[in-house]
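Notebook open, structure loaded. I want to jot down what I look up as I go, starting with aromatic rings and then moving on to the sheet and a helix.

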Amino acid sequence: MFLHHWSEYLNEDGQTFVPPLVWKIKQQIASDPTLNSEYSPCLGLPEFTRRASEVALGRECCAIVENRVLGVQTVGSTGAVRLGAEMLKRWYNLSADWQGPVYLSSPCDDSLAGIFEAAGILDVRQYRYWDAEQRGVCMEHLLQDLEEAPELSVIMLSACGHCPTGADLSQKQWKLVIEVMARRRLFPFFLMPAQGLCLGDPEQDSWALRHCILAGMELLCAQSFSHGFGLYGERVGHLLFVLRQNSPLLPVQSQVESLVRTLWSCPIVGGARLVTTVLSNPAHLAEWRDCVKSTVERCLLVREQLREKLRILGTPGCWNHLTQQVGLFCCTGLNAQQVDFLARRRHVYLLPNGCLNVSCINSQTLDYVAESIYLAVTSLP
């Protein structure tokens, strides 16, 4: 039983979930004779980048109104991070003051360090985020590491659904983080791979970005529409760049166009066209939001049921952290020996750090997973 099916949201039947609305719009697009197969513009479909920026920041966002937001359609969220890294390398190199580095959370997606290194940014460090003993965010250490980071460091932040722990910051904690970053002149680079699938509300999931803008900060944000729209094969990503007030947009846009031509020339239009159709139609948007909310409710129910099963079994320890985390990802707190026990003795496979994809658990497998965790904890305390 693979609980580290990391990239996709699975439904109750264990199949990759695609919202019914997405299937319907795919068929409409495929049968529309007015749509052609021309290359997209270098920066992507303009309507897509506009709608993606609005869903992240809000239509009335001051940065959008003041025309200091640059949106670029990318090849998935990985492409967005890579383009952001290339932009940082060239943009910061214009200033003799910048010495780096880039800070990643510990733990984080294993691919992030390699993406920055591939862009020529070799000074990649970590800041403390997850407290394995308390099974939550180690806020004190996080703030300490930010205070000690060199000015103009780039800080990678998870806007929602932290990967791989599922442990997110509260709004109160975000305010503390953003205050330190603004005062220390640190640059925020957000990851938002599943907006809407954490708290069930796209606006709440992007709260940290919006607060950064209110604080007068510039930022980068790598978005992905794979989870929220079931477009795993389409690789629909978006990079959002918010400039400071009175910063000219055209020079940055020209530079980004040159970078994109060296990376993928022009993005694929199919998935972006579908996302645009949903986000630009009020009825479709309402239906999508309802679907996202029901997805989140199922994941929350799985978390609650797993915690209750562990309690009934008398599993040692406190398991409240299971329901305090959000999104698809969950850090169980199991150690490496217990994870190995699950794999060898019970054929239940997690990531080595004890993290799993909550959506991989359903009503048919819940009891077995709970019993397996109980055996792992009691056999190897």
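Are Trp174 and Phe190 buried or exposed? I looked both up, and Trp174 is buried, as is Phe190. Note to self: this is a predicted model.

**Entry 1: aromatic pairs**

I found six aromatic pairs in the structure. I started with Phe48 and Phe225: the ring centres are 5.6 Å apart and the planes sit at 70°, so I logged this pair as edge-to-face. The two rings come from distant parts of the chain, 177 residues apart. Phe48 belongs to helix α2, while Phe225 is in the loop between β8 and α10 (226–229).

I then checked accessibility. Phe48 has 0% relative accessibility and therefore counts as buried. Phe225 comes out at 6%, which also makes it buried, because the cut-off for buried is under 20%.

Back to Trp174 and Phe190. Their rings make a tilted pair, with 5.8 Å from centre to centre and 50° between the planes. Trp174 sits in helix α7 (residues 171–184) and Phe190 in strand β7, so this pair ties together parts that are 16 residues apart in sequence.

I also asked which residues cluster with Phe48. Phe48, Phe225, Phe229 and Trp288 form one aromatic cluster.

**Entry 2: the sheet**

Next I traced the strand order. Seven strands make an open sheet, and I read them off as β1-β9-β8-β7-β6-β2-β3, with mixed pairing. The edges are β1 (69–75) and β3 (124–128); each has a single partner strand, so one side of each lacks a neighbour in the sheet. From one strand to the next, the twist averages 25°.

Then I went through the pairings, beginning at the β1 edge. β1 and β9 run antiparallel and are joined by seven bridges. Here I noted Gln73, whose bridge partner in β9 is His238. Strand β9 (residues 236–242) also pairs with strand β8 (residues 219–224), again in the antiparallel sense, over six bridges. I picked out two positions for that pairing: Leu220 has Phe241 as its bridge partner in β9, and Ala222 stands opposite Leu239 in β9.

Further along, β6 and β7 pair in the parallel sense over five bridges. Met156 stands opposite Phe189 in β7. β2 and β6 run parallel too, joined by two bridges, and Tyr103 has Ile155 as its bridge partner in β6.

**Entry 3: what covers the strands**

How many of the residues of β9 are buried? I counted seven of the seven, so β9 is largely enclosed by the rest of the structure. On one side I have Val236, His238, Leu240 and Val242, and on the other Gly237, Leu239 and Phe241; both faces are covered.

I ran the same check on β6, where five of its five residues are buried. Val154, Met156 and Ser158 are on one side, with Ile155 and Leu157 on the other, and both faces are covered.

I looked for helices lying on the sheet as well. Helix α2 (residues 46–57) lies across β1, β7 (187–192), β8 and β9, and runs at about 70° to β9. Helix α5 (residues 111–118) lies across β2 (102–106), β3, β6 (154–158) and β7, and its angle to β2 is about 170°.

**Entry 4: helix α13**

Last stop was α13, residues 282–313. I did a quick length check: with 32 residues at 1.5 Å a residue, the helix should span 46 Å, and its end C-alpha atoms are 47 Å apart, which agrees.

What caps the N-terminal end of α13? I found Asn281 there, with a side-chain oxygen 2.9 Å from the backbone nitrogen of Ala283. After α13 comes Gly314, and I noted its positive phi, near 80°.

I listed the buried residues of α13, among them His284, Trp288, Cys291, Arg298, Cys299 and Arg303. Trp288 takes me back to Entry 1, since it belongs to the aromatic cluster with Phe48, Phe225 and Phe229.

Methods
Residues numbered from 1 in each chain as written. Heavy atoms only, no water. Helix = DSSP H or I, 4+ residues; strand = E, 2+ residues; numbered from the N terminus. Expected span 1.5 Å × (residues − 1). Buried < 20%, exposed > 50% of the residue type's maximum accessible area, 1.4 Å probe, protein only. Polar contact = N/O pair within 3.5 Å; in protein donor to acceptor, adjacent residues only side chain to side chain. Pairing = 2+ DSSP bridges. Axes fitted to C-alpha atoms, helices over the stretch in contact; angles between N-to-C directions. Contact = heavy atoms within 4.5 Å. Phe/Tyr/Trp six-rings, centres within 6.5 Å; stacked < 30°, edge-to-face > 60°.
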